[in-house]
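Me: Please take a close look at one part of this model, the open sheet, and set out how it is built. After that, go through the other parts of the chain that can be described in the same manner.

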Amino acid sequence: MSYVDEVLERVIAKNPAEPEFHQAVKEVLNSLRPVIEANEEVYRKEALLERITEPDRQFKFRVPWVDDKGQVQVNTGYRVQFNNSIGPYKGGLRLHPSVNLGIIKFLGFEQIFKNSLTGLPIGGGKGGSDFDPKGKSDREIMAFCQSFMTELCKYIGADTDVPAGDIGTGAREIGYMFGQFKRIRGTYEGVLTGKGLSYGGSLARTEATGYGLLYLTEEMLKCNGHDIKGKTVCVSGSGNVAIYATQKAQQLGAKVVTVSDSTGWVYDPEGIDVDLLKEVKEVKRARLTEYAAARPSAEYHEGRGVWSIKCDIALPCATQNELLLDDAKALVANGCIAVAEGANMPTTLEATEYLQQNKVLFAPGKAANAGGVATSALEMSQNSERLSWTFEEVDSKLQNIMVNIFHNLDDAAKRYGKEGDYVAGANIAGFEKVANAMMAQGVC
């Protein structure tokens with residue numbers, strides 16, 4: 001049995017009932033086979049794959065808080081510190097009812113390679129809770145965030161582990177958490193990213209993941225003889241990533257015709273009105289039915305269906321495993337030329353393979369959505385220097401990082417005879433840097 005197969009078998013046996021984690025490890029290790037086979041004797045002796053698939057540590061804790069009726073509620077908090085061989089642990093805090101240890105581990109494992117791809121000194125981690133911010137008052141959100149940080153603050157720090165926002169964790173939640181950290185620890189440090197501009201946040205951080213997705217997509221298209229201008233784009237999701245991906249795509253001359261949320265989706269053949277979408281989602285925090293009601297050209301549909309619309313480019317920006325095999329078949333049948341992941345692992349393995357087999361350009365999330373964590377690392381730099389850069393400075397650095405990521409993964413794929421396989425290229429480029437650092441630092 002090959003070293004890769006041995007480790008996959010061991011990971012599944014040691015981490016039962018964690019299908020998302022299994023999926024992430026399989027996807028990465030299978031695409032790394034050429035690298036691992038070329039170095040199998042050394043890697044096996046150093047147990048490199050066992051170490052890289054086992055978190056350094058993982059925390060699970062109780063989060064009690066009091067709701068507006070005076071009732072005590074109890075949620076579960078998590079933080080997985082996966083690998084710090086190239087820098088402090090870095091990764092978001094997800095607040096969503098679906099959160100469990102397996103999902104946090106899958107996200108933390110992916111983060112190792114995503115952070116490595118940015119070229120910045122940050123390791124992989126992830127955290128969160130099964131708390132649902134939807135429908136909660138500001139006071140209830142504050143009560144939860146303060147209780148969550150009361151425990152989490154024991155394990156994080158500017159040079160140790162720097163969490164950030166994620167699904168359910170925006171500027172409001174980060175603010176409450178930062179205030180509680182400062183209150184307990186008595187230090188003012190860059191321990192969280194995604195902060196408000198008045199207390200250490202970075203310009204362009206809000207836009208970063210969506211903008212970065214389009215910078216990489218544009219470069220991928222350009223290097224394969226296509227121009228993004230004039231292309232029709234389908235986007236899923238309507239949160240931060242989807243909104244700013246839509247905005248940047250339209251700035252680059254494409255037309256975005258769909259967005260979605262947890263209850264349904266909108267098709268707007270005239271192009272999504274970004275200002276209206278922001279009003280509905282960021283100000284009113286409402287459903288997309290309100291977008292459709294205010295926009296005569298828009299059609300609202302219940303359930304799933306974004307990927308049934310004819311498009312040139314698909315940008316899944318909602319959540320994991322949202323683009324299924326049947327969706328991939330529909331995209332191919334409709335002439336889609338490129339898929340770039342704005343969310344973490346939004347495309348199933350079967351769908352990814354089908355798209356690649358049918359010559360659809362495919363940019364995996366660990367590369368395509370790395371703009372968010374890259375700009376978080378730029379926020380860390382600004383905090384360390386006690387400086388604040390302009391929007392243009394940050395945006396320019398972000399664009400350079402995303403263009404470099406594409407060329408690094410393209411080069412890595414070509415070196416191992418996998419030209420055009422950007423999933424393998426991203427995994428190889430991310431892995432090589434981490435593996436070299438781990439080997440240099442000894443058994444730790």
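Reply: What follows starts with the open sheet and then turns to a second strand pair, a pocket, a buried side chain and two loop residues.

The model is predicted, and the description below should be read as a description of that model.

The open sheet has 5 strands in the order β1-β2-β4-β3-β5, and the pairing is mixed. Its edges are formed by β1 (57–66) and β5 (161–164); each has a single partner strand, so one side of each is left without a neighbour in the sheet. From one strand to the next, the twist averages 20°. At the β5 edge, strand β3 (residues 89–95) runs parallel to β5, and 4 bridges join the two. Within this pair, D161 of β5 is the residue opposite Y89. Strands of a sheet pair through backbone hydrogen bonds, in either a parallel or an antiparallel sense.

A helix accompanies the sheet. Helix α7 (residues 138–152) lies across β1, β2 (72–83), β3, β4 (123–129) and β5. The angle at which α7 runs to β1 is about 145°.

A further strand pair is made by β6 (residues 232–236) and β7, which are parallel and share 3 bridges. V233 has V256 in β7 as its bridge partner, and C234 stands opposite T258 in β7. Burial can be given for both strands. In β6, 4 of the 5 residues are buried, so the strand is largely enclosed by the rest of the structure. For β7 (residues 255–260) the count is 5 of the 6 residues buried, so β7 too is largely enclosed by the rest of the structure.

Next comes the second largest pocket, which holds about 650 Å³ of space. Its lining consists of 29 residues, and T352, E353, Q356, D421 and V423 lie nearest the centre. The elements that give two or more residues to this lining are α2 (19–31), α14 (349–357), β12 (361–363), α15 (365–368) and α18 (422–440). Sorted by class, the lining has 9 nonpolar, 10 polar and 10 charged residues.

The buried side chain to consider is that of F113, a residue of helix α6 (residues 101–117). F113 has a relative accessible area of 0% and is therefore buried, the cut-off being under 20%. Leaving aside neighbours within four places in sequence, F113 is in contact with V28, I52, K366, G430 and F431. The C-alpha atoms of F113 and V434 are separated by 7.7 Å, although the two residues are 321 residues apart along the chain.

Two loop residues remain, and both concern backbone geometry. Most residues other than glycine have a negative phi. K359, which is not a glycine, has a positive phi of about 60°. K359 sits in the loop between α14 and β12, and with a relative accessible area of 73% it is exposed. R386 is also not a glycine and has a positive phi of about 60°. The loop that holds R386 is the one between α16 (371–385) and α17 (391–415). R386 counts as exposed, at 66% relative accessibility; the cut-off for that class is over 50%.

How values were computed: Residues are numbered from 1 along each chain as its sequence is written. This is a predicted model: local features need pLDDT of at least 70, side-chain atom pairs count only at pLDDT 80 or more; totals for chains, interfaces and linings use all residues. Side-chain values use heavy atoms; hydrogens and water are left out. Two strands pair if DSSP finds at least two bridges between them. Axes are lines fitted to C-alpha atoms, for helices over the stretch in contact, and angles run from 0 to 180 degrees between N-to-C directions. Contact means heavy atoms within 4.5 Å. On a 1 Å grid over the protein atoms alone, a cavity is a set of points where a 1.4 Å probe fits but cannot get out, and a pocket is an open set with protein on both sides within 12 Å along at least five of seven lines; lining residues have an atom within 4 Å of a point. Grid points are joined across faces, edges and corners, and a volume is the space filled by probe spheres set on the points. Ala, Val, Leu, Ile, Met, Phe, Trp, Tyr, Cys and Pro count as nonpolar, Asp, Glu, Lys and Arg as charged, and the others, Gly among them, as polar. Buried means under 20% relative accessible area, exposed over 50%, partly exposed in between (1.4 Å probe, protein chains only).
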